Amino acid sequence: MHEAVDILQTPRLLLRRFRDEPADFEHYAGLYADPDVARHVGGVQSREQAAQTYDERILRYYDANPGLGIWATFEREGGAFVGLHLLNHIRGDTLLQVGYSLRRAAWGRGYATEMARAVMRYGFRTLGLPIVHAIVNLDNGASMKVLHKLGMRREGERAFAAYGPRPLAWFECLPNEFRDGDGDSD
Ligand SMILES: CC(C)(COP(=O)(O)OP(=O)(O)OC[C@H]1O[C@@H](n2cnc3c(N)ncnc32)[C@H](O)[C@@H]1OP(=O)(O)O)[C@@H](O)C(=O)NCCC(=O)NCCS
């Protein structure tokens, strides 16, 4: 991530870069092999597709875009892989988005919100971003709830070339709209 910050921590979670190592790739590929997880993020990926995305969209993206990326999220206690959080460019666009995808076993514990809040705090305070966006499938109620809890504002619907013709719910957040939680990072 940013030169001075390559790890984010919250009370329960730790975020770090994915590494060019088999164990990290297996974590990533496992997420996209699960239909329940993948259906809201472009669909199930074969191992070959996951390997290509891992190389292009994760490992090489870090070098090209210091301070931004798709990062791996772990429980601090015990170190279990939880999923991913991201602050990166919407594919094929110049706009920056926040996002998250968690292993099915990690849903329903507030993890998506907890680390997304730390990522947005990092984006606004450390990187000085003037705005953060998010895009969500229209039927993804859980993700929209997370975005609302972060203070994001729904601005309508739009389609993106890279994600096909279907319109997606479009969210924005300015620094003064961000609902920063108290005491959930250290
Ligand atoms: C979306 C996702 C990240 C949420 O993770 P999570 O850790 O369970 O989220 P949180 O616990 O922080 O918050 C979820 C909130 O949505 C609520 N919720 C859950 N299912 C819901 C639904 N179908 N409709 C509306 N709200 C819902 C929860 O009650 C919770 O709100 P609360 O804190 O007020 O109780 C997770 O379900 C996931 O990884 N889904 C698959 C991938 C994905 O959709 N990624 C986002 C792409 S935009």
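Strands here are DSSP runs of E at least two residues long, numbered from the N terminus. Keep that in mind for the exercises below, and remember that this is a predicted model.

**Exercise 1. Place W71 and work out whether this residue is buried or exposed.**

Start with the element: W71 sits in strand β3. Next, count neighbours. The cut-off for a buried residue is 20 or more other C-beta atoms within 10 Å. W71 has 24 of them within 10 Å, so W71 is buried. Now ask who the partners are. Leaving out residues up to four places away in sequence, W71 touches L15, R16, R17, F18, L84, H85 and L86. For a distance to check on screen, take R19: 52 residues separate R19 from W71 in sequence, and their C-alpha atoms are 9.4 Å apart.

**Exercise 2. Do the same for D36: which element holds this residue, and is D36 buried or exposed?**

D36 belongs to helix α2, residues 35-38. An exposed residue has 12 or fewer C-beta neighbours in the 10 Å sphere. D36 has 10 inside 10 Å, so D36 counts as exposed. Try a distance here too: D36 and R153 lie 117 residues apart along the sequence and 26 Å apart from C-alpha to C-alpha.

**Exercise 3. Check the span of helix α3, then find its kink and its buried residues.**

First, the ruler. Helix α3 covers residues 47-64, which makes 18 residues, and at 1.5 Å a residue they should span 26 Å. The end C-alpha atoms are 24 Å apart, which agrees. Second, the bend: α3 has a kink of about 30° centred on Y54. Third, burial: A50, Y54 and I58 are the buried residues of α3. Why might a spacing like that turn up in a helix? With 3.6 residues a turn, residues three or four places apart in an α-helix point the same way. Finally, look for the cover: α1 (22-33) and β3 (69-75) are among what lies over the buried residues of α3.

**Exercise 4. Repeat the ruler test on helix α4 and list what is buried there.**

Helix α4 runs over residues 111-126, 16 in number, and reaches 22 Å from first C-alpha to last, close to the expected 22 Å. The buried set takes in Y111, A112, T113, E114, M115, A116, R117, A118, V119, M120 and G123. Step just past the end of α4 and you'll meet G128, with a positive phi of about 70°.

**Exercise 5. Describe the shell around the ligand: how many residues, and from which elements?**

Count first: 22 residues surround the ligand, and H40, A112, T113, G141 and K145 are the closest. Then sort by element: β5 (96-102), α4 and α5 (141-150) each give two or more residues to this shell. The largest share, five residues, comes from α5. Last, sort by chemistry: 10 are nonpolar, 10 polar and two charged.

**Exercise 6. Zoom out and decide how compact the protein chain is.**

Begin with the inventory: five helices and eight strands, in the order β-β-α-α-α-β-β-β-α-β-α-β-β from the N terminus. The radius of gyration is 15 Å, close to the 16 Å that the globule rule gives for 186 residues, so the chain is as compact as a globular protein of that length. The C-alpha trace spans about 40 × 40 × 35 Å along its principal axes. To finish, 27% of the 186 residues count as buried, and among contacts with a separation of 6 or more, 56% join residues 24 or more positions apart.

Technical notes. Residues numbered from 1 in each chain as written. Predicted model: local features only at pLDDT ≥ 70, side-chain atom pairs only at ≥ 80, totals over all residues. Helix = DSSP H or I, 4+ residues; strand = E, 2+ residues; numbered from the N terminus. Expected span 1.5 Å × (residues − 1). Bend = angle between axes of the 7 residues up to and from the residue. Contact = placed C-beta atoms within 7 Å. Near = placed C-beta within 6 Å. Nonpolar A, V, L, I, M, F, W, Y, C, P; charged D, E, K, R; others polar. Rg over C-alpha atoms; globule rule 2.2 N^0.38 Å.
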